[in-house]
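User: I have a model in front of me and would like to follow the reasoning behind its description. Could you take me through it?

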Amino acid sequence: MALIPAFPILGKCPLKLDGSPLTLRVIVGQGQLNEGSYDIKATVKSPPSASGIVQSGLPIALGADTDLVGQRLSVLITVAAMLSLDTSITVDLTGGKTDIHIVNATKANQIGDVVAYEAYFRFTKT
Amino acid sequence: MKTTTLFFLFVGFLTCSELYAQHRQVNLNMLAAPATPAAALLGFSPSVVDKPRDASEFLASVVNTTGGLSGLPSDYAVEIAPAWMLTGHKIDSKRFRSNKLNDNFWQGMTISAAVGHSEEVPDSLKPLTQVAFGFKTSILRGHRFSKKTEERLADAQTALRNLNTKLKAYLDADLEYQQLIDNAIDNPTDTAALNRYREKMYQSFEAEELQQLEENLRDLRFDRVGFKLDLTAGLVQDFPGGRFGNSRVSRAGVWLTTGYEWEQGFSFLGIARYLQNPDANYTDDGGTLQQGRIRTFDAGFRAIFAPIERRFTVSAEGLYRKMTEPDLLPSSWRFTFNAEYKFSPNMCLNFSYGRDFDGVVTRDGNVIALLSLFTGFGNTKPMMEK
């Protein structure tokens, strides 16, 4: 019984600023049980401008890039190891100047352990 | 004292009869597809089969056993599941639960290979290298998990959802941590402070859901109910003298296993097996030992009613055998009906009735023996005539 923090995903997402829609998609691999949530905030103290749950494989429309500039996207995915000790997530963030595709993997110590994956992206002009 | 002695004799009788019956039993398991076909065809024990989980582990295993890719490995068996090894990060829980043909086929696929060295018969001084390949996959694997599994998964999902909510609130509430994240986004090379702080944060996080998750997921069996259809195939290629230019297929087999499992403990299993051995020894009609190609076809079914948490099991089993080449022997079949009542894991009453391959009707099990024993009690002792 353990909560294992995976190495956090940190990055900037440069925007085109032409009203392009941004889409987030997370795939939780190895057939593992998972739950996810996300929010978008302007500052660490401000209330979220958008929030919701993240379901593996389902794209989430985050909004137009002109509305998101300067804000930060936070994603938390908790993965319970039920089939094997291998856990992984794939984060796809599309609609910016370049598409972001990151795979992160962490091994659990035993079946029933939970691996916590955190991803943070700041939407920037450049 | 007499009662106790009789009781122990009765228990001993049941236990011994059970062991005897198990030992003599010839059943559908004979036809069952091997778990790792390549290894099984070369006679390797399943415990020695190398099963790497990822590509780097597989490469390390191959390099290690081939002496740095300098030759064929000796006495080596490996099995890989390409779906999980190469695309495991794309298989989410929804795809793992699905019963679509492409998901079943890809996720259930295993490829096995084995290499063995021996001496060729009859020229036992000639070295013989054997390479075996095997393939196994599921075409249908049951349309859903059993209710018990679904209940535990639902409980685990709820616990995980609550844990995610609690952890998100915990992380969001710590403004110092959030500030450290902001700093790390700006300076990705300077994350030491964030990592130290983060480690402490996770160590001090507590949630009862972690205990619930462990209880729900520990020893969880992913039993599926519904139609199942598995295909297994394997062949052995012989290289006499270890030369690649001179090879022959020495054994090949295909297994098709199908069945339906119901929730209430009723299941039906059917197996068809086709084996080819181009260089086998067999006895002809006249009793003379011959050598040549043989092809055999076996099929069987088993219907079992074993209600969960009940002590009784009823099953019926049929086997069909045919040597298709050479066509020397007529086809034969066997049918058995079994009933069993378990008092404990090692003690049971059983009864079987059936027809053997030679057409002889058989009655077996310790019930028959017990009936004979009981009918013997109280009989008049035969007296010797004076």
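Analyst: Gladly! The expected span of a helix is 1.5 Å times one less than its number of residues. Keep in mind that this is a predicted model.

User: What span is expected for helix α7 of chain B, and what does α7 reach?

Analyst: Helix α7(B), residues 147-173, has 27 residues, and 39 Å is expected at 1.5 Å a residue. From its first C-alpha to its last α7(B) reaches 39 Å, so by that rule its span is close to the expected one.

User: Why are B:Ala156 and B:Leu163 called buried?

Analyst: A residue counts as buried if 20 or more other C-beta atoms lie within 10 Å of its own. B:Ala156 and B:Leu163 are buried, therefore each meets that cut-off. Also buried in α7(B) are residues including B:Arg152, B:Leu160 and B:Lys168.

User: What covers the buried residues of α7(B)?

Analyst: The cover includes β4 (33-41), β7 (72-80) and β10 (114-124) of chain A, together with α10 (209-217) of chain B.

User: How do you know that chains A and B touch, and what is the makeup of chain A's side?

Analyst: Contact requires C-beta atoms within 7 Å, and 36 residues of chain A are in contact with 36 residues of chain B. β4(A) gives the largest share of chain A's side, five residues. That side divides into 17 nonpolar, 14 polar and five charged residues.

User: Which residues touch the most other members of the largest nonpolar core?

Analyst: Among the 41 residues there, they are A:Val26, A:Val75, A:Ile77, A:Ala80, A:Val114 and B:Leu213. β10(A) supplies the largest share of this core, seven residues.

Methods
Residues numbered from 1 in each chain as written. Chains lettered and ligands numbered in written order. Predicted model: local features only at pLDDT ≥ 70, side-chain atom pairs only at ≥ 80, totals over all residues. Helix = DSSP H or I, 4+ residues; strand = E, 2+ residues; numbered from the N terminus. Buried ≥ 20, exposed ≤ 12 C-beta atoms within 10 Å, placed from the backbone. Contact = placed C-beta atoms within 7 Å. Nonpolar A, V, L, I, M, F, W, Y, C, P; charged D, E, K, R; others polar. Core = buried A, V, L, I, M, F, W, Y, C linked by C-beta atoms within 7 Å.
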